[in-house]
Amino acid sequence: MSIAVSSRASTPVAIVLAIGGLYVAQSVIGGITWAGLPAVMRDQGLPLDRIGLVSLIALPWALKFLWAPAVERYRLPPVGKNRTGTIVAAGGLASIAGLWAVGALGPEAWWPVLACLTIVAFAASTVDIACDGFAVQSLARENHGWGNAAQVGGAYLGSAIGAGLFLLLVDAYGWRIAVWAMALLLLPLGLPFLLGAAGRAREETREHVPSLLDALKRPEIRRGLAASAIYVLAQKAALAMLGPFLIDAGLDLSMVGLVNGVGSMFVGLAAALAGGALVKWFGPRNVLVLALFLQAGSLFFFSVFDFLGGFSTTALMAIAVLSSSGFMALGFVALYAQFMRWSDPRQAGVDFTLFQCMDALMSMAGGIAAGYAAQYLGYGAFFAGAGLVAMLAAPAIIIVSDRR
């Protein structure tokens, strides 16, 4: 497949900003789904085991590897211009319509809301496949780092909006206005891409056909899938119950929104930058292990807080910010750096999608298990067990990660 730069007029900065808007939009949807919605549900008194079922919405993200090759084959026809703009426009409109329906239904309509958000997740995950492929194709190798910065930075900014600002709007104006405001926000986030970089593609002839089977035959892909499963389960799954835990600890929706927003916008970005430097100096494997032990410490703190009390809510909020944004960002920068090393440049979109799907699958399964464990064991025992899992994961990560 030809890898020539497809933009006639767009500079690398313009392309990075355009795809950055798409990453922000995707993370707005994720923030609403996996941080905002669980807190709202708990505030309305829903049980933790039902809240844990929200993780089912991650199913399209876990399975998108099944249609990633088809999306890439449609996006990059044998002859002609790439069709990234068509995919982004269709997925964006579907996401806006789905969120509009979610706002009209209200959080009490549990199953219809779950169905609508699953459709939105399918649309957003498909856009993500196309966006990642476009970034690799359109940016020269020396600018790939800026594309990755747009991905990481967009994720944290979108999470600050979807998990932070969204809850503030729910608290101030109610569910419907808050969800509809988020739906309308997706439009200006996608327009720079649709009106700019996506419309300046040129005619190309392509020979390579992305193959899922090709990826699965390679041993480094299998190592990457194992690393993703271990790491996500240890580092991320328990945080599905952090929002409900903060609500039950006495924080209102505005305070939880502040934790999510401040954490994503400031602490997460700072930790991502620090993670990039640490990976360069010490390698991904050492940073992965460091992040696991730091996360284990925060989970043990939550356990002690629940069992013994006596800590201020300010301390709880500070550790929650570090856990959900700081330690998470630090570790996932290293994990994605490791994924990039394992991906074949000839079909990096398919390879990287496989790793992301394992991430989503373990997030979904871990979130459901976390809901049941917290409901029937209590927060104290649940967070203590999760901290122990994080510590035990460190030796496994050392085995499967690259030594360098």
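In the predicted model, helix 5 is followed by G106, a residue whose phi is positive, near 90°. Helix 5 itself comprises 22 residues, 84–105. At 1.5 Å a residue, a span of 32 Å is expected for this helix, and the C-alpha atoms at its ends are 32 Å apart, in agreement with that expectation. Buried positions in helix 5 include the glycines G85, G91, G98 and G103, together with I87, V88, I96, L99 and V102. T84 and S95 of the helix are likewise buried.

Aromatic contacts were examined next. The structure holds 17 aromatic pairs. In one of them, F245 and F305, the ring centres are 6.1 Å apart and the planes lie at 80°; because an angle over 60 degrees counts as edge-to-face, the pair is assigned to that class. This pair links distant parts of the chain, with F245 in helix 11 (residues 242–248) and F305 in helix 13 (residues 284–308), a separation of 60 residues. F245 is buried, its relative accessible area being 2%, and F305 is buried as well, at 12%; both values fall under the 20% cut-off for burial.

For F382 and F383, the ring centres are 5.0 Å apart and the planes are inclined at 55°, so the pair is classed as tilted. F382 and F383 are both buried. These four phenylalanines belong to one aromatic cluster, which F301, F302 and Y379 complete.

A contact between a charge and a ring was also identified: R83 lies over the face of Y74, at 4.6 Å from the ring centre.

Conventions: Residues numbered from 1 in each chain as written. Predicted model: local features only at pLDDT ≥ 70, side-chain atom pairs only at ≥ 80, totals over all residues. Heavy atoms only, no water. Helix = DSSP H or I, 4+ residues; strand = E, 2+ residues; numbered from the N terminus. Expected span 1.5 Å × (residues − 1). Buried < 20%, exposed > 50% of the residue type's maximum accessible area, 1.4 Å probe, protein only. Phe/Tyr/Trp six-rings, centres within 6.5 Å; stacked < 30°, edge-to-face > 60°. Lys NZ or Arg CZ within 6 Å of the ring centre and 35° of its normal.
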